[in-house]
Amino acid sequence: MSLLPELSYPTQAQLVSSARALAAHRPAVCRLRQVGVSRAGRPLHLLSVGNSRRAVLVVAGAHSNEPAGGPAALAVAERILAERELRTDTSWHFLLCADPDGASLHVTPAPRSLFDYHLGFFRPAGEEQPEWAPAMLPPDRLPPETRALTGVIDELRPYLQVTLHGTDLGGSWVQLTKDVPGLAEPFAKSAAELHIPVETGASDAAGWPASGPGVHVMPAPGAGAAYPSMPDDARLSTWYHAHRHGGLTAVVEVPMWASDLVDDPAPHPAPAAAMRRLAGRLLRQSRAVDLVLADALPRLEGPDGPLLRAARWGLELVPGLASDWIRTRPADDTRAYIGSVDAFSRRLPLRAAAMLLRVLRETDDRAAPRLEGLVEAWSDAFAERFRARWVPLEHQVEHQARTVVTVALHARERHGRVG
């Protein structure tokens with residue numbers, strides 16, 4: 001019984017409808033309940049399969065622009081129902097979307113190109129992201145989505161939390177808050193079978209130890225950050241909340257478009273010079289967006305909406321990040337890492353430009369055509385530089401689903417049996 005759309009990413013309404021049908025089909029072992037509401041009053045739904053005290057929590061939709069997680073969560077739920085041995089001593093719980101407000105604003109369910117993807121792009125400012133808010137806000141200002149997520153973790157006390165993420169263009173990798181021995185081999189095998197490159201030098205994991213290709217273990221609290229200016233310290237995020245109960249978190253990343261340029265472990269001939277060059281381009285492109293924003297801002301009426309807040313937040317990160325890249329030694333000297341930083345340096349101004357473009361289009365602002373030209377040119381250059389190729393949705397979902405189950409089985413061995 002498959003409940004997943006075949007051609008495009010499902011909407012939140014479709015995900016909830018599929019989960020409700022699944023619960024109705026197997027009511028003895030499957031149930032759906034509301035565990036909170038968003039800032040705008042949208043419900044947060046938790047699908048549970050099995051009745052054991054030992055629990056796995058799977059979180060989808062923490063970033064609104066990473067839509068494969070929802071269907072991947074449902075694919076895992078269907079597998080757990082089909083394979084009884086996976087739930088004999090483990091219950092599985094699926095937060096279908098951690099940020100339903102954000103999901104309602106990202107509006108490209110079936111993107112045809114990177115340009116098409118960015119025309120409907122939305123990713124909220126850091127303090128409005130459920131998983132990252134604790135790294136940027138005091139406890140009394142956390143958004144309700146974050147409180148709902150941490151409340152579920154405290155209720156279930158999972159030995160493993162898996163949070164499903166994605167990247168627009170690149171490869172697949174895993175981030176762990178504690179090592180899970182044995183994961184790297186089956187992870188790489190799954191990626192190879194589905195023609196998804198393993199991103200061996202992911203900039204998101206800059207400076208972290210690796211337990212295998214594409215499997216990165218977060219440094220202990222107190223270790224220095226590769227990019228000191230960035231505010232989003234993973235060790236202060238909800239990923240570490242599971243540690244309060246003896247658990248760990250795995251973050252599974254899968255690309256929408258793949259690039260075979262992100263898995264080259266060969267040394268880069270001049271990494272420091274490359275980082276300086278990428279920092280320079282980052283500053284130039286961000287400055288181009290800043291100029292459009294400065295021109296249009298006097299014509300924009302009313303308070304900042306989420307799109308404008310997110311665009312400005314991204315632009316504000318640029319000076320510090322560029323300085324990090326220029327002044328500090330590269331965290332990794334491989335071609336894969338420099339390629340990942342190249343992609344990162346393109347994303348920040350492109351995403352800011354895309355969200356600002358949506359704001360200008362809504363008001364039919366005269367600056368919109370000029371900004372649209374930048375978004376199109378930068379999207380096309382990004383795709384061309386990295387030789388982007390689309391990863392079929394069913395492959396994105398299958399790789400994430402396989403990795404979730406594999407992490408759970410390997411982490412269970414270290415967790416031990418419970419009564």
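Q: Which side chain meets that of Asp-116 in a salt bridge?
A: This is a predicted model, in which local features need pLDDT of at least 70 and side-chain atom pairs count only at pLDDT 80 or more, while totals for chains, interfaces and linings use all residues. Residues are numbered from 1 along each chain as its sequence is written, and side-chain values use heavy atoms, with hydrogens and water left out. A salt bridge here is a side-chain nitrogen of Lys or Arg within 4 Å of a carboxyl oxygen of Asp or Glu. At 3.3 Å from N to O, the side chain that meets Asp-116 in this way is that of Arg-112.

Q: Is Arg-112 buried or exposed?
A: The classes rest on relative accessible area, with buried meaning under 20%, exposed over 50% and partly exposed in between (1.4 Å probe, protein chains only). Its partner Asp-116 is buried, because its relative accessible area is 16%. Arg-112 has a relative accessible area of 73% and is therefore exposed.

Q: How many salt bridges does the count come to?
A: Some of the salt bridges share partners, and these join Asp-295, Arg-299, Asp-365, Arg-366 and Arg-370 into one network. By the nitrogen-to-oxygen rule, the count comes to 24 salt bridges.

Q: With which residue does Arg-123 form a salt bridge?
A: Helices (H or I, at least four residues) and strands (E, at least two) are DSSP runs, numbered from the N terminus. The closest N and O atoms of the pair are 3.0 Å apart, and both residues are buried. Arg-123 lies in the loop between α4 (114-119) and α5 (144-156), and its partner, 57 residues apart, lies in the loop between β3 (55-59) and α2 (69-82). That partner is Glu-66.

Q: In which helix is Arg-412, the residue that pairs with Asp-89?
A: Asp-89 and Arg-412 form a salt bridge, the closest N and O atoms being 3.0 Å apart. Asp-89 counts as buried because its relative accessibility is 14%, whereas Arg-412, at 21%, counts as partly exposed. The pair links distant parts of the chain, 323 residues apart, with Asp-89 in the loop between α2 and β4 (91-95) and Arg-412 in helix α11 (residues 393-415).

Q: Why is Cys-97 not bonded to the closest cysteine sulfur, and how far away is that sulfur?
A: A disulfide requires a pair of cysteine sulfur atoms within 2.5 Å, and by this rule the count comes to zero disulfides. Both cysteines count as buried, Cys-30 at 3% relative accessible area and Cys-97 at 5% relative accessibility. The closest cysteine sulfur to that of Cys-97 is in Cys-30, and it is too far for a bond because the separation is 18 Å.
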